[in-house]
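Student: Got a minute to go through a model with me? I'd like to talk about its cores, pockets and odd backbone spots.

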Amino acid sequence: MKAPLSWIKEFVDIDLPLAELAHLITMAGMEVEEVKFIGLPMPAPGTLDAKVTGLEWDREKIVAASISEVLPHPNADRLTLCKLFDGEREHLVLTGAPNLFEFKGIGPLAKPLMVAYAKEGAQIYDGHAEGLVLTTLKPAKIRGVDSYSMVCSEKELGISEEHEGIMFLADDVKAGTPLADVLGDAVIEVNLLPSFARCASILGLAREIAAITGKPLKLPKWDEQPPAGKADFCTIEITEPKNNPRFTAGLVRNVKVGPSPEWVQRRLKMYGMRAINNIVDATNYAMIELGEPLHAFDYDKLLKRAAGKPVKIITRAAKAGEKITTLDGIERKLDPFTTLVCDEAGSLSMAGIMGGLETEVTEDTTNVLLEGAVWNMINIRKTAKAHNLNSEASYRMSRGVHPAMAERGQRRCLEFMRAWAGGEVAPGLADAYPLPAIDPAVEVTEKDVKRWLGIEIPALQMAELLARLEFKVEVSGTSVKATCPDHRLDINEGVVGKADLVEEIARVYGYDNIPEMRMADTLPPQIGNPVLVKEERVRDLLVALGLQEAISYRWSTPEREAKRLSPDAEQDNKPYVKIANPLAYEKGFLRHSVLASVLDVAERNARIRERLAFFEIGPIFLAGEDPGGLPDELKRLAVVLGGARSAVGWQAADTGAMDFYDLKGVVNGLLQGLRLNDVKYESGEHPSYHPGKCAHVLVGDKQIGVMGELHPKVKGNYDFPTTFKAPVLAAEFDLDLLIELVPPLYQTVDVPVFPPVIEDLAFIMDEELTAEKAEALIRQTGGKLLADVKLFDIFRGEQIGAGKKSLAYKLTYIAPDRTLEAAEVSTMRNKIIKRMEHEFKAKLRG
Amino acid sequence: MAEENVLQELEDALVNGLEELKSIANEETLLAWRYKYLGKNAVSKHAFQNINKLPTDLRQLVGQTANRVRVELESALAERSESIKESALAASIASEKLDVTLPGRPLTPGRLHPDTQMLRELYRVFGEMGFQVYRSREVETDEYNFQLLNFPVGHPARDMQDTYFVEAGERGDNPIVMRTHTSPGQVRSMREYAATNPENPPAIRLVLPGMCYRYEQTDARHETQFDQIEGIAVGEGITFSNLKATLSDLARRLFGQNVRTRFRASYFPFTEPSAEFDVECFLCGGKGCAVCGGGWLEIGGCGMVNPNVLRNGGYDPERYSGFAFGLGPQRIAMLRYGINDIRYFWENDLRFLEQF
């Protein structure tokens with residue numbers, strides 16, 4: 001909402017500097033986004049907390065001046081020379097303004113023309129340039145005539161885009177007066193939140209300013225028209241009062257359609273609307289001033305449609321398939337939720353949004369029927385959205401206008417039409433008001449204010465603060481009964497109404513004036529969030545293991561996610577949760593796999609880093625059993641590794657490519673860190689992985705995830721650079737299950753006091769025997785004294801025969817209570833060797 | 001062998017030994033010297049070995065002399081050896097000079113995503129103020145995302161939060177949506193707490209973190225997926241001045257002890273009174289800069305929980321009151337670390353992530 005300062009000042013006196021005023025308006029909930037200066041002095045940079053634009057007019061160099069005669073240019077037909085007095089002396093000023101041609105060469109003017117005059121050195125906008133380009137007036141010779149100053153257009157002064165001719169000032173302005181004192185203004189643009197619908201008008205803003213500055217509000221006169229009498233020019237029938245609580249109509253006869261007064265046009269332009277003609281301008285002016293959208297019909301066209309019968313206005317819902325051509329020339333197909341203004345011959349306008357083309361006011365119009373009505377905001381919003389039609393009217397009507405404003409807007413506008421377009425206002429107002437507004441009366445007490453705000457405000461002061469916003473107040477003891485004024489719809493009944501009033505009291509009192517006090521109520525039950533604690537532990541462990549956390553978009557496409565699966569394997573056939581209105585197809589599906597997200601991350605980073613190590617924790621989304629219900633959100637952990645084991649520096653390092661066992665080191669580090677016992681890795685298969693390099697990870701008998709080297713075809717699905725030859729390792733876990741399995745506590749063992757005995761044993765065994773089984777047997781045989789078994793070498797070669805491997809272990813024996821004897825250890829060793837041979841035919845390697 | 005000769009040989013060995021020792025400068029020569037003067041063929045050793053062949057009266061003198069010679073040579077050796085070691089160490093130290101400006105061995109530490117780091121800091125600060133973490137789902141019903149939060153169907157306040165809808169068949173006025181804010185968690189948590197004691201629901205102090213979604217075009221300042229952390233306190237006697245104190249405390253913890261805060265009137269359907277929460281720009285000290293404009297940074301929205309929302313959560317608004325606020329962890333990180341584009345967060349480019 002844009003509001004020229006001069007217009008606001010009609011309703012409230014303002015003596016604050018603009019920066020301070022803007023601050024107060026912002027603090028009261030109407031954020032000032034921009035202040036555009038039109039001539040007035042601009043504040044120092046940084047002192048006004050909003051965007052500052054516009055032009056300041058130099059008080060010496062830009063002044064009012066009078067033209068006493070317009071002379072022809074000796075060498076150019078399209079230029080004139082004005083005999084101009086600037087309050088000090090006379091000048092001959094060159095101009096090409098077409099609106100001076102009618103005065104050219106007719107001798108001294110009977111009545112001088114008052115204009116805006118810019119002297120040499122003045123800074124103005126270049127009228128001929130595209131957009132706003134600053135220029136400083138310098139002496140020049142144009143077609144042999146000296147020129148050093150200028151008579152200005154609105155564009156040159158930054159008032160509007162108008163550059164068709166020069167601007168005229170009122171006749172009573174004195175030559176030499178600084179122009180800033182005549183026309184200087186500022187347009188304040190505020191961002192109105194939905195609860196501030198009442199402020200979508202100059203009066204609404206002025207009311208708030210009056211309340212927060214403590215100045216009186218000067219209400220406009222809205223009872224001048226129409227003359228008393230019974231309206232006989234039309235009848236009104238409202239078929240659905242909930243969609244159209246009130247409809248008023250007035251009539252002005254014998255208007256002369258033409259341009260509005262200059263000052264009216266200027267204000268409309270400062271607000272941001274075009275000036276059209278005095279009738280349309282009157283409806284717009286009244287709407288901007290009071291917030292009530294109005295619509296003018298050509299009454300003679302209505303009479304013609306009525307074909308001799310009296311004019312009858314009917315408001316009703318559109319019929320299925322009904323069409324209307326609106327003022328903008330577009331034929332629109334209507335939905336049944338759209339409300340129409342009709343007569344007995346058919347539709348006239350889309351109620352509260354835009355008028356129809358057929359009955360619009362034109363230059364030939366002489367009799368005008370004026371509509372002032374209010375409509376259901378939900379319906380208007382729905383219709384405006386459906387047609388993508390954001391008009392000034394729909395902006396206001398979709399936020400709610402009080403029915404009392406329909407009558408006020410109507411009466412005010414009738415007077416504007418009479419004053420600006422001549423004609424007589426017909427007596428009486430046609431007024432159908434089937435659903436009168438109920439203005440809530442709410443009782444709010446000192447205790448309520450104390451309970452919500454934490455401060456004590458006496459009832460008398462509460463009443464005074466509310467009265468500034470035109471609430472009708474009655475004080476009794478510590479309680480105030482406040483009745484909502486009939487220009488707003490945002491105050492409710494009951495306890496919500498109390499909260500509404502407390503907010504209004506706080507706003508006018510000033511949020512700044514409410515002190516800060518720390519909470520003093522009882523602490524709530526301390527439940528904590530154990531799942532989050534464990535999830536953060538997972539993150540910490542993976543970071544400690546050298547992985548980078550990623551967080552991805554939750555959306556993807558089935559095609560993109562299918563890349564994580566080998567084309568030969570079973571595909572993901574689970575239905576996707578789809579976004580109904582995605583920004584793009586690529587953002588249209590909620591992901592099924594966090595692994596797919598992390599593979600995308602790895603793919604993107606493979607071009608910039610030689611080592612990739614990522615993990616992500618987040619939800620996947622699966623359609624639930626009820627396809628129309630909420631989807632299941634399941635938490636997953638995905639890990640991706642690939643490329644160099646260590647970063648490359650200038651010294652030799654292990655820069656070999658990571659393989660399955662690097663991944664297993666990470667996974668094992670994680671699971672150990674989570675104190676999960678009974679972890680098993682079973683050779684398995686999965687559509688993402690190389691069939692020989694894939695493991696199912698189990699805790700007890702529960703599978704928590706799958707890990708492995710990506711199937712070469714899966715790796716090929718991703719756009720890894722050709723230089724990235726290393727395998728890609730990946731794992732995905734059911735994090736919900738994993739976290740559920742994490743024990744709440746774990747136990748430690750004492751640090752041994754007696755020295756360990758350490759010895760190495762290597763066994764030659766069949767290739768098929770898994771390391772897990774071999775180690776399990778050694779541990780089982782060694783019993784409690786065998787504290788640790790560590791595989792430190794694997795050997796394959798001719799010496800030990802084909803199909804065989806040698807596994808070398810470092811065994812650590814410790815007794816908690818004594819130093820072990822050599823004989824004890826040797827007995828143990830022999831037992832292990834014997835069982836390995838007996839169970840697995842594994843031979844001790846010599 | 002004449003006995004004088006033995007004594008003379010011993011004295012000569014001492015003089016020669018000491019003399020030779022003076023010029024020795026390394027361990028090898030020293031070892032040879034030791035072999036020569038203190039080894040098994042050394043004069044002093046011989047003297048001892050052959051002492052029985054000497055006349056009885058001389059044995060004592062030769063023995064004593066041989067002993068003195070050996071002791072003196074040994075002590076001279078020890079001294080010499082120490083000084084050779086010293087100079088060798090000094091020489092080695094002098095020769096071992098590193099270029100300390102060469103890069104260190106590159107390690108590859110893991111890192112948390114900056115958003116996680118920011119959230120953890122917020123959890124910690126809020127945790128110290130008694131706020132526990134409560135998380136709820138990202139795909140929601142219209143009812144939880146809007147209606148229970150006092151956004152009626154068709155209400156213009158919905159225009160403030162452009163919404164992604166999820167395809168779910170005909171559900172009338174209760175479609176499935178991607179949550180537009182973390183606020184559905186307000187009603188979910190209140191209902192969960194109230195269910196534990198419906199007659200006297202316990203007080204609540206929670207933070208609700210999580211991913212939110214708005215249907216809008218992205219640019220450097222706007223993301224269609226972003227995260228939020230919301231706080232809610234409900235109890236008997238929670239006031240707007242408590243809200244101000246809590247958020248000002250938070251601002252001091254996050255941005256510095258001297259930072260000023262301000263509360264501007266605003267509108268959110270689920271709070272009343274509502275406010276925007278601004279912090280004095282910590283980049284320019286409130287003087288006004290390219291980031292803040294007029295000296296203040298918008299940090300979040302807040303207000304007293306609307307009575308309808310309390311009621312929807314199972315808390316009697318005549319008895320309980322509460323406040324709620326919402327912040328953007330990404331926005332805070334962007335302000336703090338000079339991040340110029342919000343889209344960096346979920347793009348996961350290591351050149352961004354490695355900076356945290």
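Tutor: Sure, here is a chat about the packing, the hollow spaces and a few backbone details. This is a predicted model, so local features need pLDDT of at least 70 and side-chain atom pairs count only at pLDDT 80 or more, while totals for chains, interfaces and linings use all residues. Residues are numbered from 1 along each chain as its sequence is written, chains are lettered from A and ligands numbered from 1 in the order in which they are written, and side-chain values use heavy atoms, with hydrogens and water left out.

Student: Which residues have the most contacts inside the largest nonpolar core?

Tutor: A:F233 and A:L369, in a core of 128 residues. A nonpolar core here is a set of buried Ala, Val, Leu, Ile, Met, Phe, Trp, Tyr and Cys residues joined through side-chain atoms within 4.5 Å. Buried means under 20% relative accessible area, exposed over 50%, and partly exposed in between (1.4 Å probe, protein chains only).

Student: And which helix gives the largest share of this core?

Tutor: Helix α11 of chain A, residues 403–421, with eight residues. Helices (H or I, at least four residues) and strands (E, at least two) are DSSP runs numbered from the N terminus.

Student: What is A:L369 in contact with, leaving aside neighbours within four places in sequence?

Tutor: Its partners include A:F233, A:C234, A:H295, A:F297, A:Y299 and A:I313, where contact means heavy atoms within 4.5 Å. There is also a second, separate core of 91 residues, which includes A:F621 along with B:F240, B:I299 and B:L335.

Student: Switching to chain B, how far apart do the C-alpha centres of domains 1 and 2 lie?

Tutor: They lie 90 Å apart. Domain 1 covers 3–95 and domain 2 covers 114–353, with bounds from an automatic or database domain assignment.

Student: Pockets next. Where does the second largest one lie?

Tutor: Between domain 5 (530–741) and domain 6 (757–844) of chain A, because both give residues to its lining. It holds about 1600 Å³ of space. On a 1 Å grid over the protein atoms alone, a pocket is an open set with protein on both sides within 12 Å along at least five of seven lines, a cavity is a set of points where a 1.4 Å probe fits but cannot get out, and lining residues have an atom within 4 Å of a point. Points are joined across faces, edges and corners, and a volume is the space filled by probe spheres set on them.

Student: What lines that pocket?

Tutor: There are 33 lining residues, and A:K664, A:Y681, A:A771, A:E772 and A:E775 lie nearest the centre. α18(A) gives the largest share, seven residues.

Student: How many cavities of 30 Å³ or more are there?

Tutor: One. Its lining residues include A:F337, A:T339, A:I353 and A:N379, and three come from helix α9 of chain A, residues 377–386.

Student: Now the backbone. Which peptide bonds are cis?

Tutor: The one from A:Q225 to A:P226, with omega near -10 degrees, and the one joining B:E272 and B:P273, with omega about -5 degrees. B:P273 is in strand β8 of chain B, residues 271–280.

Student: Is A:K841 buried or exposed?

Tutor: A:K841 counts as exposed, at 60% relative accessibility. A:K841 also has a positive phi of about 55 degrees, although it is not a glycine. A:R675 has a positive phi too, about 65 degrees, and is partly exposed at 33% relative accessible area.
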